[in-house]
Amino acid sequence: MALKTKDEYIESLRGMNPTVYMFGERITNVVDNPRLRAGIEATGSTYEAAGLEEYRSLLVTNSPLINDQVNRFTLPPSSIGDLVARVKINRLLGGRVGTCFQRCTGLDCLCALSIVTYDIDQKYGTEYNRRFLEFLKHVQKNDLACNAGVTDVKGDRSLSPHEQPDRDMYLRVAERRPGGIVVRGAKAHQTGSLSSHEIIVLPTRAMRKGDEDYAVAFAIPTDTPGLIHVVGRSTLDMRELQGCDTGNTRYSKYCPTVIFNDVFVPWERVFMCGEVEFAGDLVMKFSAFHRQSHGGCKSGKIDCMVGAALTMMDYNGTSKVSHLRQKVIDMVHRAETLYGCSIAASYEGKRQPSGTYFIDPVLANASKIHEGKEMAEAGRLLVDIAGGFVSDLPSDRDLANPEIGPLLYKYLQGAAGVPVENRVKMLRLVEKLALESADTVSDIHGGGSPEAHRVSILRESDLEGKKGLAKRLAEIESWR
Ligand code: SF4
(Lines give C-alpha, C1' and ligand atoms only; values in the text may rest on other atoms or scores of the structure.)
Protein backbone atom coordinates (compact mmCIF):
# COMPACT_ATOMS: atom_id res chain seq x y z
CA MET A 1 0.00 0.00 0.00
CA ALA A 2 1.24 3.44 -0.96
CA LEU A 3 0.66 5.09 2.40
CA LYS A 4 3.26 6.26 4.89
CA THR A 5 2.70 6.50 8.61
CA LYS A 6 3.70 9.77 10.25
CA ASP A 7 6.82 8.12 11.68
CA GLU A 8 7.77 6.76 8.26
CA TYR A 9 7.29 10.22 6.78
CA ILE A 10 9.61 11.79 9.35
CA GLU A 11 12.19 9.03 8.89
CA SER A 12 12.06 9.54 5.13
CA LEU A 13 13.02 13.21 5.65
CA ARG A 14 15.99 12.07 7.74
CA GLY A 15 17.28 10.33 4.64
CA MET A 16 17.48 13.66 2.77
CA ASN A 17 20.38 16.09 2.85
CA PRO A 18 19.17 19.57 1.88
CA THR A 19 21.37 22.69 2.08
CA VAL A 20 19.78 24.89 4.77
CA TYR A 21 20.66 28.16 6.47
CA MET A 22 18.82 29.79 9.36
CA PHE A 23 19.80 32.94 11.26
CA GLY A 24 23.22 32.93 9.63
CA GLU A 25 24.09 29.34 10.39
CA ARG A 26 24.13 26.12 8.38
CA ILE A 27 21.56 23.62 9.65
CA THR A 28 22.63 20.03 9.08
CA ASN A 29 19.95 18.23 11.10
CA VAL A 30 16.63 19.56 9.80
CA VAL A 31 14.37 16.99 11.41
CA ASP A 32 15.58 17.62 14.98
CA ASN A 33 15.81 21.40 14.74
CA PRO A 34 12.94 22.60 17.00
CA ARG A 35 11.88 25.41 14.66
CA LEU A 36 11.76 23.19 11.58
CA ARG A 37 10.46 20.16 13.46
CA ALA A 38 7.31 22.06 14.42
CA GLY A 39 6.65 22.58 10.71
CA ILE A 40 7.42 18.95 9.93
CA GLU A 41 5.01 17.88 12.68
CA ALA A 42 2.31 20.03 11.06
CA THR A 43 2.81 18.29 7.70
CA GLY A 44 3.06 15.02 9.63
CA SER A 45 -0.53 15.57 10.72
CA THR A 46 -1.62 14.87 7.12
CA TYR A 47 -0.02 11.41 7.40
CA GLU A 48 -1.24 10.85 10.96
CA ALA A 49 -4.87 11.71 10.16
CA ALA A 50 -4.85 9.32 7.18
CA GLY A 51 -4.00 6.52 9.61
CA LEU A 52 -6.74 7.33 12.13
CA GLU A 53 -9.87 5.23 11.79
CA GLU A 54 -12.22 8.21 12.17
CA TYR A 55 -10.64 10.19 9.32
CA ARG A 56 -9.43 7.44 7.04
CA SER A 57 -12.44 7.41 4.73
CA LEU A 58 -12.04 11.16 4.19
CA LEU A 59 -8.29 11.22 3.59
CA VAL A 60 -7.65 7.89 1.85
CA THR A 61 -9.00 6.88 -1.53
CA ASN A 62 -8.12 4.74 -4.51
CA SER A 63 -5.95 6.14 -7.28
CA PRO A 64 -6.73 4.62 -10.68
CA LEU A 65 -3.29 5.77 -11.81
CA ILE A 66 -1.46 3.29 -9.56
CA ASN A 67 -4.48 1.16 -8.65
CA ASP A 68 -3.78 1.51 -4.96
CA GLN A 69 -4.89 3.45 -1.92
CA VAL A 70 -3.38 6.92 -1.67
CA ASN A 71 -3.48 9.93 0.60
CA ARG A 72 -5.66 12.58 -1.03
CA PHE A 73 -2.77 15.05 -0.70
CA THR A 74 -1.31 13.26 -3.74
CA LEU A 75 -4.51 13.08 -5.83
CA PRO A 76 -5.60 15.54 -8.54
CA PRO A 77 -9.42 15.61 -8.43
CA SER A 78 -11.34 13.58 -10.99
CA SER A 79 -14.84 14.28 -9.64
CA ILE A 80 -16.87 16.85 -7.74
CA GLY A 81 -16.57 14.58 -4.71
CA ASP A 82 -12.79 14.82 -4.88
CA LEU A 83 -13.00 18.64 -4.99
CA VAL A 84 -15.32 18.72 -1.97
CA ALA A 85 -13.08 16.34 -0.02
CA ARG A 86 -10.14 18.73 -0.43
CA VAL A 87 -11.99 21.45 1.47
CA LYS A 88 -13.33 19.15 4.17
CA ILE A 89 -9.87 17.69 4.81
CA ASN A 90 -8.35 21.14 5.09
CA ARG A 91 -10.98 22.29 7.55
CA LEU A 92 -10.44 19.20 9.66
CA LEU A 93 -6.66 19.65 9.70
CA GLY A 94 -6.79 23.43 10.15
CA GLY A 95 -8.69 22.84 13.37
CA ARG A 96 -6.40 20.04 14.56
CA VAL A 97 -3.16 21.89 13.83
CA GLY A 98 -4.19 25.54 14.31
CA THR A 99 -1.68 26.68 11.71
CA CYS A 100 -0.56 25.77 8.21
CA PHE A 101 0.11 22.07 7.56
CA GLN A 102 2.00 22.94 4.38
CA ARG A 103 1.05 20.05 2.15
CA CYS A 104 -1.61 21.69 -0.03
CA THR A 105 0.66 23.91 -2.12
CA GLY A 106 2.28 20.86 -3.70
CA LEU A 107 -1.08 19.20 -4.26
CA ASP A 108 -2.35 22.36 -5.94
CA CYS A 109 0.66 22.25 -8.30
CA LEU A 110 -0.16 18.62 -9.12
CA CYS A 111 -3.78 19.62 -9.85
CA ALA A 112 -2.78 22.50 -12.15
CA LEU A 113 -0.12 20.48 -13.99
CA SER A 114 -2.52 17.58 -14.55
CA ILE A 115 -4.70 19.99 -16.56
CA VAL A 116 -2.21 22.24 -18.32
CA THR A 117 0.44 19.69 -19.37
CA TYR A 118 -2.33 17.91 -21.28
CA ASP A 119 -3.42 21.16 -22.96
CA ILE A 120 0.17 21.99 -24.02
CA ASP A 121 0.60 18.52 -25.51
CA GLN A 122 -2.63 18.94 -27.48
CA LYS A 123 -1.29 22.10 -29.06
CA TYR A 124 2.36 21.19 -29.60
CA GLY A 125 2.55 17.40 -29.58
CA THR A 126 4.96 17.55 -26.62
CA GLU A 127 5.15 14.82 -23.98
CA TYR A 128 4.77 16.88 -20.83
CA ASN A 129 1.64 15.07 -19.65
CA ARG A 130 3.31 11.63 -19.91
CA ARG A 131 6.28 12.93 -17.91
CA PHE A 132 3.97 14.51 -15.38
CA LEU A 133 1.98 11.29 -14.93
CA GLU A 134 5.22 9.35 -14.35
CA PHE A 135 6.14 11.90 -11.68
CA LEU A 136 2.66 11.68 -10.17
CA LYS A 137 2.96 7.89 -9.95
CA HIS A 138 6.25 8.34 -8.07
CA VAL A 139 4.57 10.81 -5.67
CA GLN A 140 1.57 8.54 -5.07
CA LYS A 141 3.51 5.28 -4.72
CA ASN A 142 5.84 6.83 -2.14
CA ASP A 143 3.24 9.08 -0.46
CA LEU A 144 5.48 12.12 -0.92
CA ALA A 145 4.92 15.66 0.33
CA CYS A 146 5.52 18.35 -2.30
CA ASN A 147 6.05 22.06 -2.00
CA ALA A 148 5.13 24.73 -4.55
CA GLY A 149 7.95 26.83 -5.97
CA VAL A 150 5.82 29.55 -7.50
CA THR A 151 6.56 33.02 -6.11
CA ASP A 152 9.58 34.58 -7.82
CA VAL A 153 11.43 37.42 -6.11
CA LYS A 154 10.40 39.63 -9.10
CA GLY A 155 12.93 42.49 -8.91
CA ASP A 156 11.45 45.62 -10.55
CA ARG A 157 7.70 44.92 -10.65
CA SER A 158 7.21 47.30 -13.56
CA LEU A 159 9.32 45.11 -15.87
CA SER A 160 8.55 41.75 -17.39
CA PRO A 161 10.91 38.85 -16.64
CA HIS A 162 13.16 39.26 -19.69
CA GLU A 163 13.39 43.05 -19.22
CA GLN A 164 14.91 42.86 -15.71
CA PRO A 165 18.42 44.38 -15.42
CA ASP A 166 19.41 41.26 -13.48
CA ARG A 167 18.03 38.39 -15.56
CA ASP A 168 17.65 36.08 -12.55
CA MET A 169 14.82 37.96 -10.80
CA TYR A 170 12.46 35.35 -12.22
CA LEU A 171 13.59 31.74 -12.21
CA ARG A 172 14.83 30.89 -15.70
CA VAL A 173 16.47 28.29 -17.86
CA ALA A 174 20.13 29.33 -17.81
CA GLU A 175 21.36 26.48 -20.01
CA ARG A 176 19.93 23.67 -22.13
CA ARG A 177 21.87 20.40 -22.20
CA PRO A 178 21.17 17.10 -23.98
CA GLY A 179 20.04 15.51 -20.69
CA GLY A 180 18.10 18.41 -19.23
CA ILE A 181 18.13 22.07 -18.25
CA VAL A 182 20.06 24.17 -15.75
CA VAL A 183 17.87 26.66 -13.87
CA ARG A 184 18.78 29.78 -11.92
CA GLY A 185 16.70 32.12 -9.74
CA ALA A 186 15.02 32.27 -6.33
CA LYS A 187 11.55 31.44 -5.08
CA ALA A 188 10.25 33.25 -1.97
CA HIS A 189 7.74 32.11 0.69
CA GLN A 190 8.39 28.42 0.17
CA THR A 191 5.86 27.05 2.64
CA GLY A 192 7.27 23.93 4.25
CA SER A 193 10.04 23.39 1.70
CA LEU A 194 11.96 21.31 4.24
CA SER A 195 8.87 19.34 5.25
CA SER A 196 8.63 18.21 1.63
CA HIS A 197 10.35 15.57 -0.45
CA GLU A 198 9.91 17.37 -3.78
CA ILE A 199 9.68 20.97 -4.90
CA ILE A 200 7.41 21.62 -7.89
CA VAL A 201 8.27 24.80 -9.77
CA LEU A 202 5.74 26.76 -11.83
CA PRO A 203 5.95 30.24 -13.40
CA THR A 204 4.73 32.99 -11.10
CA ARG A 205 2.83 35.06 -13.69
CA ALA A 206 1.53 35.27 -17.24
CA MET A 207 4.34 35.60 -19.78
CA ARG A 208 4.74 36.89 -23.31
CA LYS A 209 7.07 36.61 -26.27
CA GLY A 210 10.63 37.14 -25.09
CA ASP A 211 9.95 35.39 -21.75
CA GLU A 212 10.51 31.85 -23.12
CA ASP A 213 13.35 31.05 -20.71
CA TYR A 214 11.06 31.91 -17.79
CA ALA A 215 8.08 29.80 -18.88
CA VAL A 216 9.34 26.69 -17.15
CA ALA A 217 7.78 24.06 -14.89
CA PHE A 218 9.51 21.06 -13.30
CA ALA A 219 9.90 18.99 -10.13
CA ILE A 220 13.06 18.01 -8.27
CA PRO A 221 13.89 16.59 -4.83
CA THR A 222 14.31 19.29 -2.18
CA ASP A 223 17.91 18.22 -1.56
CA THR A 224 19.01 18.53 -5.19
CA PRO A 225 22.55 20.01 -5.42
CA GLY A 226 22.44 23.78 -5.95
CA LEU A 227 19.18 24.29 -4.00
CA ILE A 228 19.70 26.48 -0.91
CA HIS A 229 16.89 26.89 1.64
CA VAL A 230 17.18 30.06 3.73
CA VAL A 231 14.66 29.92 6.58
CA GLY A 232 13.00 33.30 7.24
CA ARG A 233 12.14 35.00 10.51
CA SER A 234 8.73 34.78 12.09
CA THR A 235 7.30 36.55 15.11
CA LEU A 236 7.44 33.59 17.49
CA ASP A 237 10.33 31.55 16.07
CA MET A 238 12.84 32.07 18.90
CA ARG A 239 10.35 30.61 21.36
CA GLU A 240 10.44 27.33 19.44
CA LEU A 241 14.23 27.32 19.59
CA GLN A 242 14.14 28.23 23.31
CA GLY A 243 11.43 25.64 24.00
CA CYS A 244 9.06 27.92 25.95
CA ASP A 245 6.03 30.20 25.57
CA THR A 246 5.24 28.80 22.12
CA GLY A 247 1.46 28.75 22.48
CA ASN A 248 1.14 25.65 20.34
CA THR A 249 3.93 23.36 21.37
CA ARG A 250 3.49 20.92 18.52
CA TYR A 251 2.90 22.73 15.25
CA SER A 252 4.21 25.71 13.38
CA LYS A 253 4.82 27.19 9.96
CA TYR A 254 8.00 28.35 8.26
CA CYS A 255 8.55 29.62 4.72
CA PRO A 256 12.15 29.67 3.44
CA THR A 257 13.45 31.55 0.45
CA VAL A 258 14.84 28.87 -1.86
CA ILE A 259 17.74 29.81 -4.12
CA PHE A 260 18.27 27.80 -7.30
CA ASN A 261 21.98 28.23 -7.79
CA ASP A 262 22.42 26.61 -11.23
CA VAL A 263 20.38 23.49 -10.55
CA PHE A 264 20.25 20.66 -13.08
CA VAL A 265 16.80 19.28 -13.95
CA PRO A 266 16.58 16.17 -16.17
CA TRP A 267 14.18 16.43 -19.12
CA GLU A 268 12.04 13.67 -17.64
CA ARG A 269 11.14 16.09 -14.82
CA VAL A 270 10.43 19.11 -17.07
CA PHE A 271 6.71 19.78 -17.58
CA MET A 272 6.86 23.06 -19.54
CA CYS A 273 9.76 24.77 -21.25
CA GLY A 274 9.19 27.84 -23.37
CA GLU A 275 5.43 27.69 -24.09
CA VAL A 276 4.83 31.26 -22.88
CA GLU A 277 1.11 31.36 -23.68
CA PHE A 278 0.43 28.58 -21.14
CA ALA A 279 2.32 30.20 -18.23
CA GLY A 280 -0.64 32.40 -17.27
CA ASP A 281 -3.10 29.52 -17.37
CA LEU A 282 -0.82 27.33 -15.27
CA VAL A 283 -0.37 29.91 -12.51
CA MET A 284 -4.05 30.90 -12.67
CA LYS A 285 -5.13 27.29 -12.15
CA PHE A 286 -2.63 26.74 -9.36
CA SER A 287 -3.73 29.94 -7.63
CA ALA A 288 -7.43 29.15 -7.96
CA PHE A 289 -6.91 25.67 -6.50
CA HIS A 290 -4.87 27.14 -3.68
CA ARG A 291 -7.48 29.77 -2.88
CA GLN A 292 -10.03 26.97 -2.61
CA SER A 293 -7.63 25.12 -0.28
CA HIS A 294 -7.40 28.20 1.94
CA GLY A 295 -11.17 28.26 2.42
CA GLY A 296 -10.84 24.89 4.11
CA CYS A 297 -7.74 25.38 6.28
CA LYS A 298 -8.62 28.89 7.42
CA SER A 299 -12.18 28.03 8.38
CA GLY A 300 -10.64 25.19 10.40
CA LYS A 301 -8.29 27.66 12.01
CA ILE A 302 -11.22 29.90 12.97
CA ASP A 303 -12.87 26.81 14.53
CA CYS A 304 -9.81 26.61 16.74
CA MET A 305 -9.95 30.37 17.42
CA VAL A 306 -13.59 30.09 18.45
CA GLY A 307 -12.68 27.25 20.80
CA ALA A 308 -9.92 29.38 22.31
CA ALA A 309 -12.29 32.36 22.69
CA LEU A 310 -14.96 30.30 24.45
CA THR A 311 -12.38 28.67 26.72
CA MET A 312 -10.92 32.05 27.64
CA MET A 313 -14.42 33.24 28.54
CA ASP A 314 -14.74 30.24 30.85
CA TYR A 315 -11.33 30.91 32.36
CA ASN A 316 -11.92 34.65 32.79
CA GLY A 317 -15.42 34.24 34.25
CA THR A 318 -16.98 36.07 31.30
CA SER A 319 -18.88 33.22 29.63
CA LYS A 320 -22.24 34.90 30.23
CA VAL A 321 -21.25 38.39 29.05
CA SER A 322 -23.58 39.04 26.14
CA HIS A 323 -21.34 41.27 23.98
CA LEU A 324 -18.63 38.61 24.11
CA ARG A 325 -21.12 35.94 23.05
CA GLN A 326 -22.09 38.17 20.13
CA LYS A 327 -18.43 38.36 19.16
CA VAL A 328 -18.22 34.57 19.14
CA ILE A 329 -21.16 34.53 16.73
CA ASP A 330 -19.28 37.03 14.55
CA MET A 331 -16.31 34.66 14.47
CA VAL A 332 -18.40 31.60 13.64
CA HIS A 333 -20.23 33.21 10.75
CA ARG A 334 -16.90 34.27 9.25
CA ALA A 335 -15.67 30.68 9.32
CA GLU A 336 -18.87 29.39 7.76
CA THR A 337 -18.91 32.00 4.98
CA LEU A 338 -15.30 31.21 4.09
CA TYR A 339 -15.98 27.49 4.12
CA GLY A 340 -19.24 27.95 2.21
CA CYS A 341 -17.51 29.78 -0.64
CA SER A 342 -14.89 27.05 -0.98
CA ILE A 343 -17.44 24.26 -0.82
CA ALA A 344 -19.52 26.07 -3.45
CA ALA A 345 -16.40 26.50 -5.64
CA SER A 346 -16.05 22.71 -5.45
CA TYR A 347 -19.66 21.88 -6.32
CA GLU A 348 -19.48 24.27 -9.28
CA GLY A 349 -16.30 22.59 -10.57
CA LYS A 350 -16.01 21.43 -14.19
CA ARG A 351 -14.27 18.55 -15.92
CA GLN A 352 -11.27 19.64 -18.00
CA PRO A 353 -10.07 17.94 -21.24
CA SER A 354 -7.40 15.98 -19.30
CA GLY A 355 -10.11 14.49 -17.05
CA THR A 356 -9.10 16.51 -13.99
CA TYR A 357 -11.79 18.64 -12.36
CA PHE A 358 -11.21 22.36 -11.89
CA ILE A 359 -13.03 24.43 -9.28
CA ASP A 360 -15.13 27.52 -10.01
CA PRO A 361 -12.42 30.22 -9.92
CA VAL A 362 -14.77 33.12 -9.12
CA LEU A 363 -16.09 31.44 -6.00
CA ALA A 364 -12.57 30.35 -4.97
CA ASN A 365 -11.30 33.91 -5.34
CA ALA A 366 -14.32 35.30 -3.51
CA SER A 367 -13.44 32.97 -0.64
CA LYS A 368 -9.87 34.24 -0.62
CA ILE A 369 -10.81 37.93 -0.66
CA HIS A 370 -13.14 37.23 2.22
CA GLU A 371 -10.32 35.48 4.06
CA GLY A 372 -7.92 38.40 3.61
CA LYS A 373 -10.24 40.70 5.51
CA GLU A 374 -12.12 38.40 7.81
CA MET A 375 -9.27 36.36 9.26
CA ALA A 376 -7.86 39.62 10.60
CA GLU A 377 -11.28 40.43 12.03
CA ALA A 378 -11.54 36.97 13.59
CA GLY A 379 -8.12 37.54 15.18
CA ARG A 380 -9.19 40.95 16.46
CA LEU A 381 -12.35 39.49 17.99
CA LEU A 382 -10.34 36.68 19.59
CA VAL A 383 -7.94 39.13 21.24
CA ASP A 384 -10.87 41.31 22.30
CA ILE A 385 -12.54 38.33 24.00
CA ALA A 386 -9.36 36.89 25.56
CA GLY A 387 -8.16 40.12 27.17
CA GLY A 388 -4.99 42.18 27.34
CA PHE A 389 -2.77 39.43 28.72
CA VAL A 390 -2.48 38.12 25.14
CA SER A 391 0.50 40.45 25.15
CA ASP A 392 2.93 40.95 28.04
CA LEU A 393 2.14 37.69 29.77
CA PRO A 394 5.08 36.70 31.99
CA SER A 395 7.14 33.85 30.58
CA ASP A 396 6.77 30.24 31.70
CA ARG A 397 10.32 30.65 32.98
CA ASP A 398 9.16 33.40 35.36
CA LEU A 399 6.31 31.19 36.52
CA ALA A 400 8.87 28.49 37.25
CA ASN A 401 11.17 30.87 39.13
CA PRO A 402 11.09 29.94 42.86
CA GLU A 403 11.21 33.58 44.00
CA ILE A 404 8.57 35.24 41.83
CA GLY A 405 6.66 32.17 40.58
CA PRO A 406 4.29 31.94 43.61
CA LEU A 407 3.47 35.65 43.30
CA LEU A 408 2.70 35.26 39.60
CA TYR A 409 0.46 32.27 40.31
CA LYS A 410 -1.45 34.42 42.80
CA TYR A 411 -1.94 37.34 40.42
CA LEU A 412 -2.65 35.36 37.25
CA GLN A 413 -5.70 33.62 38.68
CA GLY A 414 -8.96 33.82 36.73
CA ALA A 415 -12.33 32.19 37.45
CA ALA A 416 -12.52 30.09 40.60
CA GLY A 417 -11.10 26.62 40.18
CA VAL A 418 -9.33 27.25 36.87
CA PRO A 419 -5.66 26.18 37.13
CA VAL A 420 -3.39 29.12 36.39
CA GLU A 421 -1.33 26.91 34.04
CA ASN A 422 -4.39 26.31 31.86
CA ARG A 423 -5.20 30.00 31.64
CA VAL A 424 -1.60 30.80 30.71
CA LYS A 425 -1.51 28.04 28.07
CA MET A 426 -4.72 29.23 26.47
CA LEU A 427 -3.53 32.85 26.41
CA ARG A 428 -0.37 31.69 24.66
CA LEU A 429 -2.42 29.80 22.12
CA VAL A 430 -4.51 32.92 21.49
CA GLU A 431 -1.31 34.88 20.94
CA LYS A 432 -0.11 32.31 18.43
CA LEU A 433 -3.43 32.03 16.58
CA ALA A 434 -3.78 35.79 16.27
CA LEU A 435 -0.20 36.96 15.86
CA GLU A 436 2.04 34.28 14.32
CA SER A 437 3.32 36.19 11.29
CA ALA A 438 4.17 33.21 9.09
CA ASP A 439 0.54 32.12 9.06
CA THR A 440 -1.39 35.36 9.50
CA VAL A 441 0.37 37.05 6.56
CA SER A 442 -0.71 34.10 4.40
CA ASP A 443 -4.33 35.07 5.16
CA ILE A 444 -3.64 38.13 3.02
CA HIS A 445 -0.95 37.07 0.53
CA GLY A 446 -1.25 33.26 0.39
CA GLY A 447 -2.06 32.14 -3.16
CA GLY A 448 -1.34 35.64 -4.51
CA SER A 449 -1.90 39.22 -3.39
CA PRO A 450 -5.42 40.56 -2.66
CA GLU A 451 -5.31 42.50 -5.92
CA ALA A 452 -4.57 39.28 -7.81
CA HIS A 453 -7.73 37.79 -6.28
CA ARG A 454 -9.75 40.80 -7.40
CA VAL A 455 -8.33 40.74 -10.92
CA SER A 456 -9.13 37.02 -11.15
CA ILE A 457 -12.74 37.70 -10.21
CA LEU A 458 -13.03 40.37 -12.87
CA ARG A 459 -11.39 38.17 -15.51
CA GLU A 460 -13.35 35.01 -14.72
CA SER A 461 -16.80 36.50 -14.07
CA ASP A 462 -19.45 36.58 -16.80
CA LEU A 463 -19.62 40.38 -16.91
CA GLU A 464 -21.40 40.52 -20.27
CA GLY A 465 -24.01 38.13 -18.95
CA LYS A 466 -24.65 40.44 -16.00
CA LYS A 467 -24.96 43.46 -18.30
CA GLY A 468 -27.42 41.45 -20.35
CA LEU A 469 -29.57 40.85 -17.26
CA ALA A 470 -29.73 44.58 -16.54
CA LYS A 471 -30.44 45.51 -20.17
CA ARG A 472 -33.26 43.00 -20.43
CA LEU A 473 -34.98 44.50 -17.39
CA ALA A 474 -34.45 48.01 -18.71
CA GLU A 475 -35.76 46.88 -22.09
CA ILE A 476 -32.59 47.93 -23.90
CA GLU A 477 -32.02 45.77 -26.94
CA SER A 478 -29.14 47.47 -28.72
CA TRP A 479 -25.51 46.58 -27.93
CA ARG A 480 -25.16 49.90 -26.02
FE1 SF4 B 1 -2.53 24.48 3.03
FE2 SF4 B 1 -2.01 26.98 2.22
FE3 SF4 B 1 -3.69 26.49 4.26
FE4 SF4 B 1 -1.09 26.10 4.54
S5 SF4 B 1 -2.09 28.07 4.22
S6 SF4 B 1 -2.71 24.73 5.24
S7 SF4 B 1 -0.53 25.32 2.51
S8 SF4 B 1 -4.01 25.94 2.11
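**Exercise 1.** In this predicted model, decide whether F218 is buried or exposed, and find the residue whose ring pairs with that of F218.

*Solution.* Step 1: the relative accessibility of F218 is 0%. Buried means under 20%, so F218 counts as buried.
Step 2: the partner is F260. At 1% relative accessibility, F260 is also buried.
Step 3: the ring centres of F218 and F260 are 6.2 Å apart and the planes make an angle of 80°. Planes over 60 degrees apart count as edge-to-face, and the F218 and F260 pair is edge-to-face.
Step 4: F218 belongs to strand 9 and F260 to strand 11, so this pair ties together parts 42 residues apart in sequence.

**Exercise 2.** Describe the aromatic pair of F73 and F101, and state which parts of the chain the pair ties together.

*Solution.* Step 1: the centres of F73 and F101 lie 6.1 Å apart, with 80° between the planes, an edge-to-face pair.
Step 2: F73 sits in the loop between strand 4 and helix 4, and F101 in the loop between helix 4 and helix 5, so parts 28 residues apart in sequence are tied together.
Step 3: F73 is buried at 4% relative accessible area, and F101 is buried at 2%.

**Exercise 3.** Describe the shell of residues around the ligand.

*Solution.* Step 1: the shell includes F101, C104, H290 and H294.
Step 2: helix 8 gives the largest share, four residues.
Step 3: by type, the shell has four nonpolar, five polar and no charged residues.
Step 4: domain 1 and domain 2 each supply at least three residues.

How values were computed
Residues numbered from 1 in each chain as written. Predicted model: local features only at pLDDT ≥ 70, side-chain atom pairs only at ≥ 80, totals over all residues. Heavy atoms only, no water. Near = heavy atom within 4 Å. Helix = DSSP H or I, 4+ residues; strand = E, 2+ residues; numbered from the N terminus. Nonpolar A, V, L, I, M, F, W, Y, C, P; charged D, E, K, R; others polar. Domains from an automatic or database assignment. Phe/Tyr/Trp six-rings, centres within 6.5 Å; stacked < 30°, edge-to-face > 60°. Buried < 20%, exposed > 50% of the residue type's maximum accessible area, 1.4 Å probe, protein only.
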